[in-house]
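Here's a quick walk through this protein, strand by strand and core by core. Have a look at the fold first, then read on.

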Amino acid sequence: PLDSTSTTDPRMPRETFIDFDALDLSRDVVTKSEVLEVLKQRGRFEQVDVFTAVAYRGNPVAVVIDGQGLTADQMQQFTDWTNLSECTFVLAPTDPAADYRARIFCPGRELPFAGHPTVGTAVALFEARGDNGAAGIMVLEEAVGPVRCAVSGHPGNVFAEFDLPKKSEPFRFQAAPEAVAAALGLEADEIGFENHVVGGWS
């Protein structure tokens, strides 16, 4: 399993509500202060620093705790606006075996699964539920399938780990060793040996 100790990012208030309809995210400049002026009960979110116990030292992810009612276009628009590598949106599950449904977006598209957004979402939900110090299991329904997460800790310092929902699989990947070597700044004879050749894995 992958694991992380994470901290919520103090740059953003814990109780922030965003009215996506009132924001024009297509503008060139939309400041955090403009977001904070729009305080309706839509899209409460946290920014979580994953893989660290020290603020600003981890891999940040935005987690919209209540994404119910948002369209995929709105989710994508908000994700692009955050300028982070990923953003997750928590919804009611459609799988009875799951506690929550999580949709993961990166700039430009939705992802079936990603590790650090899964950890960040579990941490944010743990804190939102108020499970202070009580270790627990939650199942996130993601596009790849159900992801079992174990979470424990205290607000601001939460540990989370998850079981990989699917093993890596090879996929068709064709590239000349010379091209791969050039991209990596290596010589062609440094790419592969014997039966080990250039390939791709999910």
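## Starting with S2 and S3

Strands S2 and S3 run antiparallel, with 6 bridges joining them. This is a predicted model, so confidence gets its own section further down. To get your bearings in the pairing, find Val50, which sits opposite Asn59 in S3.

How many of the residues of S2 are buried? The count is 6 of 6, so to speak a strand that is mostly covered. Phe45, Gln47 and Asp49 point one way from S2, while Glu46, Val48 and Val50 point the other way. Both sets are buried, and they include Gln47, Asp49 and Glu46 along with Phe45, Val48 and Val50.

## The S7, S8 and S9 run

S7 and S8 also run antiparallel, joined by 7 bridges. They make a hairpin with 2 residues between them. Leu140 faces Val147 of S8 across the pairing.

S8 then pairs with S9, again in the antiparallel sense, over 6 bridges. Val151 has Ala160 in S9 as its bridge partner. The hairpin of S8 and S9 has 2 residues between the strands, and Gly156 there takes a positive phi near 90°.

## Two nonpolar cores

The largest nonpolar core holds 21 residues. Val48, Val63, Met138, Cys149 and Val151 are the ones with the most contacts inside it. Strands S2 (45-50), S3 (59-64), S7 (136-142), S8 (145-154) and S9 (157-162) each give two or more residues to this core, and so does helix H3 (115-129). Which element gives the most? That's H3, with 6 residues.

A second core, of 12 residues, lies apart from this one, with Phe45, Leu70, Met75 and Trp81 among its members. Back in the largest core, Cys149 is a good residue to click on. Leaving aside neighbours within four places in sequence, Cys149 is in contact with Thr118, Ala122, Gly136, Ile137, Met138, Leu140, Glu161 and Phe162.

## An aromatic cluster

The model has 4 aromatic pairs. One of them is Phe78 with Phe89, an edge-to-face pair at 6.2 Å centre to centre, with 75° between the planes. Phe78 lies in helix H2 (residues 72-82) and Phe89 in strand S4 (residues 87-91), so this pair ties together parts that are 11 residues apart in sequence. Are these two rings' residues buried or exposed? Phe78 and Phe89 are both buried.

Phe89 also pairs with Phe105, again edge-to-face, at 5.7 Å centre to centre and 90° between the planes. Because Phe89 lies in S4 and Phe105 in strand S5 (residues 100-106), the pair ties together parts that are 16 residues apart in sequence. Phe105 is buried, as is Phe89. Add Trp81 to Phe78, Phe89 and Phe105, and you have one aromatic cluster.

## Around Pro177

Pro177 is found in helix H4 (residues 177-184). Its relative accessible area is 35%, which makes Pro177 partly exposed. Which residues does Pro177 contact, leaving aside neighbours within four places in sequence? They are Ile191 and Val198. Pro177 and Ile191 are 14 residues apart in sequence, and their C-alpha atoms are 6.2 Å apart in space.

## How far to trust it

The mean pLDDT of the protein is 79, and 77% of its residues reach 70 or more. Among the elements, S5 has the highest mean pLDDT, at 96, and helix H1 (residues 32-37) the lowest, at 46.

Two stretches deserve a note. Residues 1-5 stay under 50 in pLDDT, and the model has 23 contacts for them beyond four places in sequence. Residues 7-17 are also below 50, and that stretch has 41 contacts in the model beyond near neighbours in sequence.

## The whole protein

Stepping back, the protein has 4 helices and 11 strands. Buried residues make up 42% of its 202 residues. Of the contacts between residues at least 6 apart in sequence, 56% join residues at least 24 apart. The protein exposes about 11100 Å², with carbon and sulfur atoms supplying 51% of that area.

Definitions and conventions:
Residues are numbered from 1 along each chain as its sequence is written. This is a predicted model: local features need pLDDT of at least 70, side-chain atom pairs count only at pLDDT 80 or more; totals for chains, interfaces and linings use all residues. Side-chain values use heavy atoms; hydrogens and water are left out. Rings of Phe, Tyr and Trp (its six-membered ring) pair if their centres lie within 6.5 Å; planes under 30 degrees apart count as stacked, over 60 as edge-to-face and the rest as tilted. Buried means under 20% relative accessible area, exposed over 50%, partly exposed in between (1.4 Å probe, protein chains only). pLDDT is the predictor's confidence in each residue, from 0 to 100. Contact means heavy atoms within 4.5 Å. A nonpolar core is a set of buried Ala, Val, Leu, Ile, Met, Phe, Trp, Tyr and Cys residues joined through side-chain atoms within 4.5 Å. Two strands pair if DSSP finds at least two bridges between them. Accessible areas come from the Shrake-Rupley method with a 1.4 Å probe; for residues, only the protein chains shown count as cover.
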